[in-house]
Amino acid sequence: MKEQLHNIRHSLAHLLAAAVLELYPDTKNTIGPAIDDGFYYDFEFSSPISDKELPKIEKKMREILKTWKGFTSEEKTPAEASTHFAHNPYKVELIEEIVNKGECITFYTSGKFTDLCRGGHVEDTKEISADAFKLDRVAGAYWRGDEKNKMLTRIYGLAFETKEELDAFIIQREEAKKRDHKVIGPQMKLFTISSLIGPGLPLMQPRGMIIRKEIEDYLWKMHSKKGYHRVWTPHIAKVELYETSGHAAKFGDELFRVQGKEDSFILKPMNCPHHMQIFADNQFSYRDMPLRYFEPATVYRDEKSGQLGGLTRVRSITQDDGHLFCTTEQIGEEIKTIVSIIKEFYTTMGLINGYWVRLSLRGDDKTKYLGSDEVWEKAEGALTKVCEEEKLPYKPAKDEAAFYGPKLDFMFKDAIGREWQLATVQCDFNLPERFDLSFTNNEGKKERPVVIHRAISGSLERFMGVMIEHFAGNFPVWLSPVQVSIVPVRENHNDLAKEIANMLKEKDIRVEVLDENDSLGKRINHAKASKVPYVIVLGDKEQTAGVLTIEKRDGTKIVDIIKDDFLNQILEKINSKSLDL
RNA sequence: GCCGUUGUAGCUUAGUGGUAAAGCACGAUAUUGGUAAUAUCGAGACCGUGGGUCCAAUUCCCACCAACGGCUCCA
């Protein structure tokens with residue numbers, strides 16, 4: 001953010017606090033920083049307010065703004081500062097913190113309003129344009145971002161240097177909303193959510209299932225080439241499994257419990273412990289390593305109701321899960337293979353531009369982690385080496401590793417610039433220990449394997465949500481639920497339409513014939529509205545000449561193309577999983 | 001889970017203290033139409049659920065459920 005814009009936004013946060021305190025004098029103001037699209041300020045109101053009161057507060061802000069000129073600062077002693085804010089425990093807490101850090105306490109004043117602040121304001125309040133900000137919404141926010149603390153009322157405002165920029169931002173936000181997967185998904189009949197089935201439990205419609213199955217098949221095809229074996233594991237397991245794995249303790253009340261007649265089960269929150277049991281059933285030698293299991297499996301987690309939403313946050317999560325069992329020496333080679341799959345997959349999906357990788361490493365406090373120094377060093381070394389050799393845009397993150405091992409997380413940017421953490425590769429020294437897994441090494445002794453967890457798409461639900469928004473519903477040909485719509489001009493062209501449709505179906509192209517009793521314009525419009533990549537209009541002209549007229553989704557037309565030429569073209573697009581029409 | 005908003009037909013929405021309106025979608029009939037929606041008719045809603053106030057509640061109040069925007073968590 002430019003310094004000037006930051007100063008405007010931060011000054012507006014002060015203005016918001018001034019207006020709120022004037023209108024609701026017994027309110028306690030806490031903190032108010034500048035953020036990406038404006039500013040916010042957190043308050044403790046004596047009685048809750050709703051967004052209906054924002055226009056009133058906004059009006060007061062504009063009134064006060066006229067009386068303000070600039071900001072004056074003043075250094076205070078801890079005693080002076082605490083006396084000034086005696087009625088406000090939040091400010092007192094902040095003052096104590098500043099004192100403990102040995103920093104100076106400064107007050108900034110504009111008009112009648114004084115706030116504890118470390119600065120960053122406009123020189124002159126004339127720099128703030130009264131029509132380039134707007135209070136946006138109210139939300140709850142925990143004091144200091146900690147769930148254990150009291151919830152405050154946060155007021156968000158949008159702010160820019162000019163009214164034009166503000167308007168543009170609001171329009172852009174509305175546009176982004178139009179590609180929201182929660183809107184497009186049900187509209188295009190890709191998925192649906194039934195309140196009778198339950199929150200966070202989306203259902204796949206036939207059209208959505210086509211996309212999901214294509215993605216799943218593609219993933220499996222890549223894995224099978226790299227020596228993975230497909231496995232399947234049941235959806236429930238005894239409580240003891242998760243007590244052994246440690247997940248019972250880690251997931252706690254996020255586990256769904258299933259009560260049988262005699263035994264009590266858990267609906268699986270992850271597949272790892274199950275895959276451990278598949279490995280444990282064998283007596284492997286170092287010659288068998290590595291072993292690679294793959295299973296797109298649905299797991300269930302009882303997420304808090306407030307954090308569910310659309311496909312990106314659900315209770316039934318289908319991970320494209322896989323577990324590898326290998327020696328410490330093999331970690332590097334295996335990670336390299338996984339990275340190549342990730343790169344190929346995200347290139348195909350059109351998400352590879354602007355991605356980056358977080359390399360999560362152990363922190364200084366080694367007591368927090370499981371596994372010997374030697375194994376950690378080998379694993380971290382192997383991960384770093386892969387990042388270097390594969391020239392990944394990676395950022396090492398010390399202290400970010402899981403207690404059981406270091407990992408790589410892949411962050412991707414979608415078409416409108418939002419970032420998603422999707423693929424992940426994690427080393428695990430914990431589970432092999434807990435399940436006492438071993439293989440026989442070349443000295444005939446038992447050795448502990450390393451487990452690598454990996455997911456390419458992350459979860460099929462979240463990934464599909466991201467894809468819907470990334471493409472705004474305009475899927476590449478190979479993913480489109482309907483690839484070709486055929487629109488016969490008159491009834492006497494229906495037979496020809498069916499003939500062409502059959503020719504395409506022979507090659508497994510997904511085709512629909514729109515021959516219902518509607519006007520031509522309406523049927524074409526219907527095909528376009530459903531975002532079908534190719535629309536074939538068949539009439540006398542085509543029948544006589546034996547050619548096709550095709551309109552692509554982007555509006556371009558192919559006129560008089562030979563049937564076989566079109567067939568070859570579309571097959572080429574599908575087989576190459578091309579992003580182009 | 002917490003703070004705030006919302007909940008009317010399959011979808012998008014209007015509206016009212018006296019049980020409700022429209023567009024799209026759906027069905028029927030006519031129309032055989034060459035690229036942004038042919039016409040007419042029809043069917044479809046215990047106004048999210050349960051309580052309360054009132055002669056009377058979809059409308060006001062309370063609780064619950066669900067969705068959305070945040071916070072906190074997370075694939």
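**Note on the model: loops, a helix crossing, the RNA surface and a sheet**

1. K189 sits in the loop between α6 (181-187) and β9 (191-192). This is a predicted model. Its backbone at K189 deserves a look: phi is positive, about 55 degrees, although K189 is not a glycine. Most residues other than glycine have a negative phi.

2. A second loop holds a cis peptide bond. The bond runs from M289 to P290, and its omega is near -5 degrees. Most peptide bonds are trans. P290 belongs to the loop between α10 (272-280) and β15 (291-300).

3. Next, a helix pair. Helix α1 covers residues 3-23 and helix α2 covers residues 54-67; their axes come within 9 Å and cross at roughly 110 degrees. An angle from 65 to 115 degrees counts as roughly perpendicular, so α1 is roughly perpendicular to α2. The crossing of α1 past α2 is right-handed.

4. Which residues of α1 and α2 meet? On the α1 side they are L15, L16, A18, A19, V20, E22 and L23. On the α2 side they are K56, I57, K60, M61, I64 and L65. By class, this contact has ten nonpolar residues, three charged and no polar ones.

5. Now the RNA. How many residues surround RNA strand B? There are 56, and the closest are S50, G140, P199, G306 and G539. Several elements give two or more residues to this surface. The strands are β7 (133-142), β8 (151-159), β20 (419-428) and β27 (547-552). The helices are α14 (460-471), α16 (520-529) and α17 (540-545).

6. What is the make-up of the surface near RNA strand B by class? The residues divide into 20 polar, 19 charged and 17 nonpolar.

7. Strand β20 also appears in a sheet. That sheet is open, has eight strands and shows mixed pairing. The strand order is β11-β15-β16-β23-β20-β19-β17-β18. Its edges are β11 (229-230) and β18 (394-398), each pairing on one side only. Strand β15, which follows the loop of P290, stands between β11 and β16 in the order.

8. At the β18 edge, the partner is β17, residues 356-361. The two strands pair in the parallel sense over five bridges. Within this pair, V357 stands opposite Y394 of β18.

9. Places to check by eye: phi at K189, the cis bond from M289 to P290, and the right-handed crossing of α1 and α2.

Definitions and conventions: Residues are numbered from 1 along each chain as its sequence is written. Chains are lettered from A and ligands numbered from 1 in the order in which they are written. This is a predicted model: local features need pLDDT of at least 70, side-chain atom pairs count only at pLDDT 80 or more; totals for chains, interfaces and linings use all residues. Axes are lines fitted to C-alpha atoms, for helices over the stretch in contact, and angles run from 0 to 180 degrees between N-to-C directions. Helices (H or I, at least four residues) and strands (E, at least two) are DSSP runs, numbered from the N terminus. Angles under 35 degrees count as roughly parallel, over 145 as roughly antiparallel, 65 to 115 as roughly perpendicular and the rest as oblique. A crossing is left-handed if the near helix is turned anticlockwise from the far one by less than a right angle, and right-handed if clockwise. Two residues are in contact if their C-beta atoms, placed from the backbone, lie within 7 Å. Ala, Val, Leu, Ile, Met, Phe, Trp, Tyr, Cys and Pro count as nonpolar, Asp, Glu, Lys and Arg as charged, and the others, Gly among them, as polar. A residue is near a molecule or strand if its C-beta atom, placed from the backbone, lies within 6 Å of it. Two strands pair if DSSP finds at least two bridges between them.
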